[in-house]
Amino acid sequence: MTLSKKNALITGGSRGIGRAIAMELSRQGINIIITYNSSEEKALEVIKEVENNGVKGLAIKADVSTEEDVKNMMKTIKNQFDSVDILVNNAGVTKDNLLLRMKTEEWDKVMDTNLKGVYLCTKAVARGMMKKRYGKIINIASVVGISGNAGQGNYSASKAGVIGFTKSIAKELGSRGITVNGVAPGFVETDMTEVLSEDIKKHSLNMIPLKRFGKPEDIANVVGFLCSEKADYITGQIINVDGGMLM
Amino acid sequence: MEIFEAVREIICDQLEIEDMDTITMKTSIMNDLEADSLDAVEVMMDIEDEFDIEIPDEDAENFTNIEDIVKYIEEKIA
């Protein structure tokens with residue numbers, strides 16, 4: 001096992017985009033901490049794979065929308081790692097419904113995980129980064145946070161919230177050497193989009209100039225760039241990775 | 001006096017001040033040392049850690065100089 005200097009915390013890292021990000025960053029020699037909610041087996045698989053890339057790996061079960069879980073997560077991390085240098089706020093859920101059919105629980109669930117979770121995790125790591133005068137925070141937003149999408153009032157609101165938060169915190173923490181950026185994926189093939197109907201998929205494909213859906217790796221590549229020193233002068237930006245779906 | 005020394009060290013660390021003597025009981029962090037609001041918050045959080053106390057925002061807003069901070073800490077840990 002090599003001694004790497006940087007540690008990355010990726011929320012929701014057991015599946016989909018989070019998993020691909022864990023792989024990408026581990027290939028850059030960055031130690032990986034992932035959180036998972038339900039998929040323990042898959043989380044442990046990810047850890048095994050990142051360790052094969054020669055870095056340290058740790059999976060923590062945590063609901064990022066609860067303060068208690070985030071607190072305990074930070075304690076566990078502190079016991080095994082010196083610092084969190086990179087935070088990727090990736091954990092997200094959908095509870096799609098038309099406004100008139102939407103239940104308050106569906107609204108709350110999506111807001112809590114997608115927006116409050118980003119706030120709690122960012123706050124938890126910010127102080128350590130400020131002391132170190134170094135940090136990279138990458139928030140996974142969504143193009144629907146910019147364009148809107150019928151049936152996703154809750155999800156698009158949460159992602160628009162993430163975009164506003166990204167820019168505000170970029171301004172707040174810039175003087176401490178911390179960059180905060182967002183990546184806004186379009187239609188990416190994951191468990192989250194797997195459940196959509198063939199009709200919606202066909203319609204979405206028609207809207208994408210590059211004529212294919214995104215792969216988790218397409219997103220991970222950009223996150224990898226934003227975590228690297230090549231992106232040191234970029235902050236407060238939202239980068240759409242969507243095959244040209246939104247321009 | 002010990003509290004003053006500890007507070008002084010925290011402030012010098014945070015604001016990268018080399019000459020500790022620039023800071024006296026009458027020094028104001030924001031006005032005299034050109035600290036911004038983020039510096040002030042960081043100093044408060046370091047003081048909280050150092051003395052194992054909690055300083056609510058309402059209290060922190062009332063501090064005008066180092067003396068106020070030192071007195072506040074004295075009362076809290078007494």
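# Close-up views of a predicted two-chain model

**View 1. Arg133(A), a partly exposed loop residue.** Arg133(A) has a relative accessibility of 32%, so it counts as partly exposed. The structure shown here and in every other view is a predicted model. Arg133(A) sits in the loop that joins H4 to strand E5 (135-140) of chain A. Its backbone phi is positive, about 60°, although Arg133(A) is not a glycine. Most residues other than glycine have a negative phi.

**View 2. Lys211(A), another loop residue with a positive phi.** Lys211(A) belongs to the loop between helix H8 (198-206) and H9 of chain A. This residue is not a glycine, yet its phi is positive, about 55°.

**View 3. The residues that UniProt lists as a binding site in chain A.** An unreviewed UniProt entry gives the feature "binding site" for Gly12(A), Gly13(A), Ser14(A), Arg15(A), Asn90(A), Tyr155(A), Ser156(A), Ala157(A), Ser158(A) and Lys159(A). These positions span 148 residues of sequence and are also spread in space, with up to 24.6 Å between C-alpha atoms. The next three views show Asn90(A), Lys159(A) and Tyr155(A), which are among them.

**View 4. Asn90(A) in its loop.** Asn90(A) is placed between strand E4 (86-89) and helix H4 (104-132) of chain A, in the loop that links them. Its relative accessibility is 10%, and buried means under 20%, so Asn90(A) counts as buried. Apart from residues up to four places away in sequence, Asn90(A) touches Ile10(A), Thr11(A), Gly12(A), Ile17(A), Gly18(A), Ile21(A) and Ile140(A). One of these contacts, Gly12(A), also appears in the UniProt list of the binding site.

**View 5. Lys159(A) in helix H6.** Lys159(A) is part of helix H6 (residues 153-173) of chain A. With a relative accessibility of 3%, Lys159(A) counts as buried. Which residues does Lys159(A) touch, not counting those up to four places away in sequence? They are Asn114(A), Ile140(A), Ala141(A), Ser142(A) and Gly145(A).

**View 6. Tyr155(A), listed by UniProt as an active site.** The feature "active site" is assigned to Tyr155(A) in an unreviewed UniProt entry. Tyr155(A) lies in helix H6 of chain A. Its relative accessibility is 9%, so Tyr155(A) counts as buried. Neighbours within four places in sequence aside, Tyr155(A) is in contact with Val93(A), Thr94(A), Val110(A), Asn114(A), Ser142(A), Val144(A) and Met192(A). Asn114(A) and Ser142(A) are contacts of both Tyr155(A) and Lys159(A).

**View 7. The largest nonpolar core and a second, separate core.** The largest nonpolar core has 34 residues, of which Leu9(A), Met73(A) and Ile77(A) touch the most other members. Strand E3 (57-61), helix H3 (67-80), H4, H6 and strand E6 (178-185) of chain A each give two or more residues to this core. H4(A) gives the most, with seven residues. Outside its neighbours within four places in sequence, Met73(A) is in contact with Leu9(A), Thr35(A), Ile60(A), Ala62(A) and Cys121(A). A second, separate core of 31 residues includes Ile17(A), Ile32(A), Ile138(A) and Ala220(A).

**View 8. The second largest pocket, lined by residues of chains A and B.** This pocket has a volume of about 1200 Å³. Among its 32 lining residues, Lys123(A), Ala124(A), Val125(A), Arg127(A) and Met45(B) lie nearest its centre. Which elements supply at least two residues of the lining of the second largest pocket? They are H3, H4 and H6 of chain A together with helix H3 (37-51) of chain B. H4(A) provides the largest share, twelve residues. By type, the lining divides into 17 nonpolar, three polar and twelve charged residues.

**View 9. Ser37(B), annotated as a modified residue.** An unreviewed UniProt entry annotates Ser37(B) as "modified residue: O-(pantetheine 4'-phosphoryl)serine". Ser37(B) is in helix H3 of chain B. Is Ser37(B) buried or exposed? Its relative accessible area is 52%, and exposed means over 50%, so Ser37(B) is exposed.

**View 10. Ala231(A), a buried loop residue.** Ala231(A) is in the loop between helix H9 (216-227) and strand E7 (238-241) of chain A. At 1% relative accessibility, this alanine counts as buried. Leaving out neighbours within four places in sequence, Ala231(A) is in contact with Lys136(A), Phe225(A) and Leu226(A). Lys167(A) is 64 residues from Ala231(A) along the chain, and their C-alpha atoms are separated by 16 Å.

Methods
Residues numbered from 1 in each chain as written. Chains lettered and ligands numbered in written order. Predicted model: local features only at pLDDT ≥ 70, side-chain atom pairs only at ≥ 80, totals over all residues. Heavy atoms only, no water. UniProt positions renumbered as here; feature names shortened; annotations may be inferred. Helix = DSSP H or I, 4+ residues; strand = E, 2+ residues; numbered from the N terminus. Buried < 20%, exposed > 50% of the residue type's maximum accessible area, 1.4 Å probe, protein only. Contact = heavy atoms within 4.5 Å. Core = buried A, V, L, I, M, F, W, Y, C linked by side-chain atoms within 4.5 Å. 1 Å grid on protein atoms, 1.4 Å probe; cavity = no way out; pocket = protein on both sides within 12 Å on 5 of 7 lines; lining within 4 Å. Points joined across faces, edges and corners; volume = space filled by probe spheres on them. Nonpolar A, V, L, I, M, F, W, Y, C, P; charged D, E, K, R; others polar.
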